[in-house]
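Reader: I have a model open on my screen and would like to learn how to read it. Could you walk me through a few features, with the general idea before each case?

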Amino acid sequence: VMVILLSIAAAASVHWGRASKMKSSTQQALASLQFARQWAVSHNVQTGVAFTNDESRGYYAVISSTDGLIGSTNSLPAGIAWSNHPSILNFRSDGTCADAASDLDLILFELGKGERALASTIMVYRVTGHAVRIQQ
């Protein structure tokens, strides 16, 4: 009986760790989107977030049209990447989203997990530029 209970607890803790890594990755990416929008408004300059993936993770960076890279390039934890991403998402100086024809979903997902992969969604509203994490 004890072995069965321990195996269930171990499986639950692995899932909890994966979910925690996904949530913190989403929150950090969301903070960068909000920072880029804030920079665009406060500096009166178009500012964007550039996205890319490699075979092991996703990356993103805040870029200003006049100042170039703001801060540093950020990486998602190993095993987490962008699913559907533009190469760059720009915010105008009024805070609106410059590149989206409609509200945009940015999806983070686990690499190599197939149908069991966890995913998380950030929605960027076109008209306001406001970004929010969609609860899943």
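**Reading the sheet and its surroundings**

Author: Let's begin with a strand pair: β6 and β7 run antiparallel and are joined by six bridges. One of those pairings sets F109 against A119 in β7. Please keep in mind that this is a predicted model.

Reader: What holds strands of a sheet together, and in which order do the four strands of the open sheet come?

Author: As a general idea, strands in a sheet pair through backbone hydrogen bonds, in a parallel or an antiparallel way. Here the order is β4-β6-β7-β8, with antiparallel pairing in an open sheet of four strands. The edges are taken by β4 and β8 (131–134); each has a single partner strand, so one side of each lacks a neighbour in the sheet. From one strand to the next, the twist averages 25°.

Reader: How many bridges pair β7 and β8?

Author: Four bridges, again in the antiparallel sense. Across this pair, I122 stands opposite R133, and M123 stands opposite V132. The two strands form a hairpin with six residues between them, and G129 in that turn has a positive phi of about 75°.

Reader: Is G129 buried or exposed?

Author: Buried, because its relative accessibility is 2%, and the cut-off for that label is under 20%. Beyond its neighbours within four places in sequence, G129 is in contact with R37, F91, G95, T96, C97 and V124. The C-alpha atom of G129 is also separated by 8.5 Å from that of Q34, although these two residues lie 95 residues apart along the chain.

Reader: T96 appears among those contacts of G129. Where is T96 found?

Author: Look in the loop between β5 (88–91) and β6 (104–110). T96 is buried, with a relative accessible area of 14%. The side chain of T96 makes a polar contact of 2.7 Å with that of D94. Farther along the sequence, beyond four places, the contacts of T96 include N90, F91, R126 and G129.

Reader: Now for the interior. Which residues touch the most other members of the largest nonpolar core?

Author: The general idea is that nonpolar side chains in soluble globular proteins tend to be buried together. In this model, the largest such core has 26 residues, and L33, F51, W82, L89, L106, I122 and V124 touch the most other members. Elements giving two or more residues to it are α1 (2–43), β1 (47–53), β2 (58–64), β4 (80–82), β5, β6 and β7 (119–124). The largest share, seven residues, comes from α1.

Reader: How many of the residues of β7 are buried?

Author: Five of the six, which leaves β7 mostly covered. I122 is a good residue to click on: leaving aside neighbours within four places in sequence, its contacts include T26, A29, L30 and L33, as well as L104, L106 and L108. R133, the residue opposite I122 in β8, is in contact with it too.

Reader: Which element has the lowest mean pLDDT, and which the highest?

Author: The general rule is that predicted coordinates should not be read in detail where pLDDT is low. Among the elements here, α1 has the lowest mean, 81, and β2 the highest, 95. For the protein, the mean pLDDT is 88, with 88% of residues reaching 70 or more.

Terms used. Residues are numbered from 1 along each chain as its sequence is written. This is a predicted model: local features need pLDDT of at least 70, side-chain atom pairs count only at pLDDT 80 or more; totals for chains, interfaces and linings use all residues. Side-chain values use heavy atoms; hydrogens and water are left out. Buried means under 20% relative accessible area, exposed over 50%, partly exposed in between (1.4 Å probe, protein chains only). A polar contact is a pair of N or O atoms within 3.5 Å; within protein, one must be able to donate a hydrogen and the other to accept it, and residues adjacent in sequence count only if both atoms are side-chain atoms. Contact means heavy atoms within 4.5 Å. A nonpolar core is a set of buried Ala, Val, Leu, Ile, Met, Phe, Trp, Tyr and Cys residues joined through side-chain atoms within 4.5 Å. pLDDT is the predictor's confidence in each residue, from 0 to 100. Two strands pair if DSSP finds at least two bridges between them. Axes are lines fitted to C-alpha atoms, for helices over the stretch in contact, and angles run from 0 to 180 degrees between N-to-C directions.
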